[in-house]
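Here is a short report on how the helices, sheets and chains of one model fit together. Keep the structure open while you read.

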Protein chains: 2
Amino acid sequence: MATPLAIIAGQGSLPVYLARAAALQGRAVILAEMEGHPAQNPDSLPVFAYRVEKLGALFKALRKFGAQEVVFAGGVPRPKLDPVKFDLKTMSLAPKFLPALRSGDDGLLRTVLGIFESEGFAVRAAHEVVGDLLPAQGVLTRHQPGPVDKKDAARAMQIVAALSEADVGQGAIVAQGVVLAVEATPGTDEMLDYVAQSAGRWRPDASGQGGVLFKGPKRGQDLRVDLPAIGPDTVTRAQKAGLAGIVIEAGGVMVLDRKDVVDRANDAGLFVWVTPIEAGT
Amino acid sequence: MATPLAIIAGQGSLPVYLARAAALQGRAVILAEMEGHPAQNPDSLPVFAYRVEKLGALFKALRKFGAQEVVFAGGVPRPKLDPVKFDLKTMSLAPKFLPALRSGDDGLLRTVLGIFESEGFAVRAAHEVVGDLLPAQGVLTRHQPGPVDKKDAARAMQIVAALSEADVGQGAIVAQGVVLAVEATPGTDEMLDYVAQSAGRWRPDASGQGGVLFKGPKRGQDLRVDLPAIGPDTVTRAQKAGLAGIVIEAGGVMVLDRKDVVDRANDAGLFVWVTPIEAGT
């Protein structure tokens, strides 16, 4: 059924992808962007700029558009709320989401999903809307991971798994067995930049293996929202950080713009390896 | 007994402290510094510059000095080894330490300690040589942690505990419930600088609580080596990172130059809180 789709659109190119894929299916699409944080909108789709203080207005706009399904795409900053501006809906939901705002990402996302569901919307995963976002396991590039890369990947997987216990982070960068960086709330791009600018000099052998970025979803994460993703920009940043390659967990990390990702990685001599975590750990 | 003491001296002021404390006890002190990484030596103590490639020479020099006890103080980078230069002793120990060089910090340290012990040296903890490095629990400063700070501290403790499972990191920075940074191999100073320069803008409320640095030893860590430490410089960096205070695990984190730490924190309006981890989690 070509029912209208609402994309709760944050940063990056994922919302554009989803909108185009939905359009190909003949669906009308509305973007809901956080006020002050405009989403990419090259196809001039209808947009509703929401404030968390005015959730009543958001739900009303989505219903008016006929959207019964919503998909979350792209991160948004945790909002700085002005309680004076709360509308009735936000006020009634405040006991739910205010405590969640101070919890880990997972807790907050679960709460947000629950709110949309309790308002009668079906929440879809991005990869349900666009079929090929989750590549099958294998090495996507000409360049292949070597034994040192695989050991670095295993170490990074171990760290992400441990961090998962504390509901934080979805990535780590390990080079020659040394943990250069662990992902926190600022995310993968910042982590890669930090390695490029500063942490990279902690490699034991500056001329040795550059190390790997591993990304995977947190254990128990709701795969409908905030599934980690890499894109062409991730490859460029990984190259600047001097990495040998990128390792992502099969079925748990989206690859946006896959052709461009692979082309850039091939040009840069990086590998992109999609693997179940059992294989490396 | 005022027996000679060898300090395996790395970065920072801890070796100076230990040397002065040992001198007060009437002990002769020799510093062993890694070649290319000179230790602070304001008191012009005898120094032996070692290379990991020439461990035979190091052990010989320490024995010649009469040192039966060694204490490790201050971090050194993981050495970039030239196997061509290995002496007989290093060659015989290579099967032990080469694999450990690619393991986590704990594994490497355990191996290094084991090597010194098998050579007949007794390895002492820094806080065995200097009695007051580990402050008792309590708030050392005029400024006290508030409820938000305590929640941030509990969250950071949770993260460090989880990371401990993967033998990495001894610290995390949390502000208003958001995990700004997780410590990896580059250490606390780099993490604080990263928050000052970049990650700090991820605080939900820029004018809200600045957050806390928590530091604690890894579970099961050998407390004789690489016990985490804070000093006056940590306070200055924490201030630059906009933090509200520093939380350290009682009995597990050394405070160097305690008077200066407390004075600087009082001047900066920061708290320094020494607490068992049970209290916060």
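In this predicted model, α7(B) and α8(B) are roughly parallel to each other, because their angle of about 20° falls under the 35 degrees that sets the class. The axes of these two helices of chain B lie 8 Å apart. Their crossing is left-handed. On the α7(B) side, the contact is made by B:Asp189, B:Leu192, B:Asp193 and B:Ala196. On the α8(B) side, B:Asp233, B:Thr234, B:Arg237, B:Ala238 and B:Lys240 take part. By class, the residues of this contact are three nonpolar, one polar and five charged.

Chain A has its own α7 and α8 pair. The helices pack at an angle of about 20°. α7(A) and α8(A) are therefore roughly parallel to each other. α7(A) passes α8(A) in a left-handed crossing. A:Asp189, A:Leu192, A:Asp193 and A:Ala196 of α7(A) meet A:Asp233, A:Thr234, A:Arg237, A:Ala238 and A:Lys240 of α8(A). Here too the classes can be listed: three nonpolar, one polar and five charged.

Another helix pair in chain A involves α2 and α3. How are these two helices set, and how far apart are their axes? They pack at about 110°, with axes 7 Å apart. That angle makes α2(A) roughly perpendicular to α3(A). A:Leu55, A:Gly56 and A:Phe59 of α2(A) touch A:Lys89, A:Thr90, A:Leu93 and A:Phe97 of α3(A). The residues of this contact divide into four nonpolar, two polar and one charged.

The three helix pairs are set out below.

| Helix pair | Residues | Packing angle | Axis separation |
|---|---|---|---|
| α7(A) and α8(A) | 188–197 and 232–240 | about 20° | 8 Å |
| α7(B) and α8(B) | 188–197 and 232–240 | about 20° | 8 Å |
| α2(A) and α3(A) | 55–65 and 88–101 | about 110° | 7 Å |

Now the sheets. In chain B, six strands form an open sheet in the order β6-β13-β11-β9-β7-β8, with mixed pairing. Its edge strands are β6 (138–139) and β8 (178–182), each paired on one side only. Strands β7 (171–175) and β9 (212–215) of chain B run antiparallel and are joined by four bridges. B:Val174 stands opposite B:Val212 in β9(B). Helix α6 (147–164) of chain B lies across β7, β8, β9, β11 and β13 of chain B. The helix runs at about 145° to β7(B).

Chain A also holds an open sheet of six strands, ordered β6-β13-β11-β9-β7-β8 and mixed in pairing. Each of its edge strands, β6 (138–139) and β8 (178–182), has a single partner strand, so one side of each is left without a neighbour in the sheet. Four bridges join β7(A) to β9(A), and the two strands run antiparallel. A:Gly171 has A:Lys215 in β9(A) as its bridge partner. The helix α7(A), met above in its pair with α8(A), lies across β7, β8 and β9 of chain A. α7(A) runs at about 135° to β8(A).

Last comes the interface. How many residues does each chain bring to the contact? Chain A gives 34 residues and chain B gives 34 residues. The area buried between the chains is about 2,800 Å². Carbon and sulfur atoms give 58% of that area. Which three residues of chain A supply more of its buried area than any other three? They are A:Arg102, A:Glu190 and A:Trp202, which supply 20% of the area that chain A buries against chain B.

Notes: Residues are numbered from 1 along each chain as its sequence is written. Chains are lettered from A and ligands numbered from 1 in the order in which they are written. This is a predicted model: local features need pLDDT of at least 70, side-chain atom pairs count only at pLDDT 80 or more; totals for chains, interfaces and linings use all residues. Side-chain values use heavy atoms; hydrogens and water are left out. Axes are lines fitted to C-alpha atoms, for helices over the stretch in contact, and angles run from 0 to 180 degrees between N-to-C directions. Angles under 35 degrees count as roughly parallel, over 145 as roughly antiparallel, 65 to 115 as roughly perpendicular and the rest as oblique. A crossing is left-handed if the near helix is turned anticlockwise from the far one by less than a right angle, and right-handed if clockwise. Contact means heavy atoms within 4.5 Å. Ala, Val, Leu, Ile, Met, Phe, Trp, Tyr, Cys and Pro count as nonpolar, Asp, Glu, Lys and Arg as charged, and the others, Gly among them, as polar. Two strands pair if DSSP finds at least two bridges between them. Buried area is the accessible area (1.4 Å probe) that two parts lose on being put together, summed over both.
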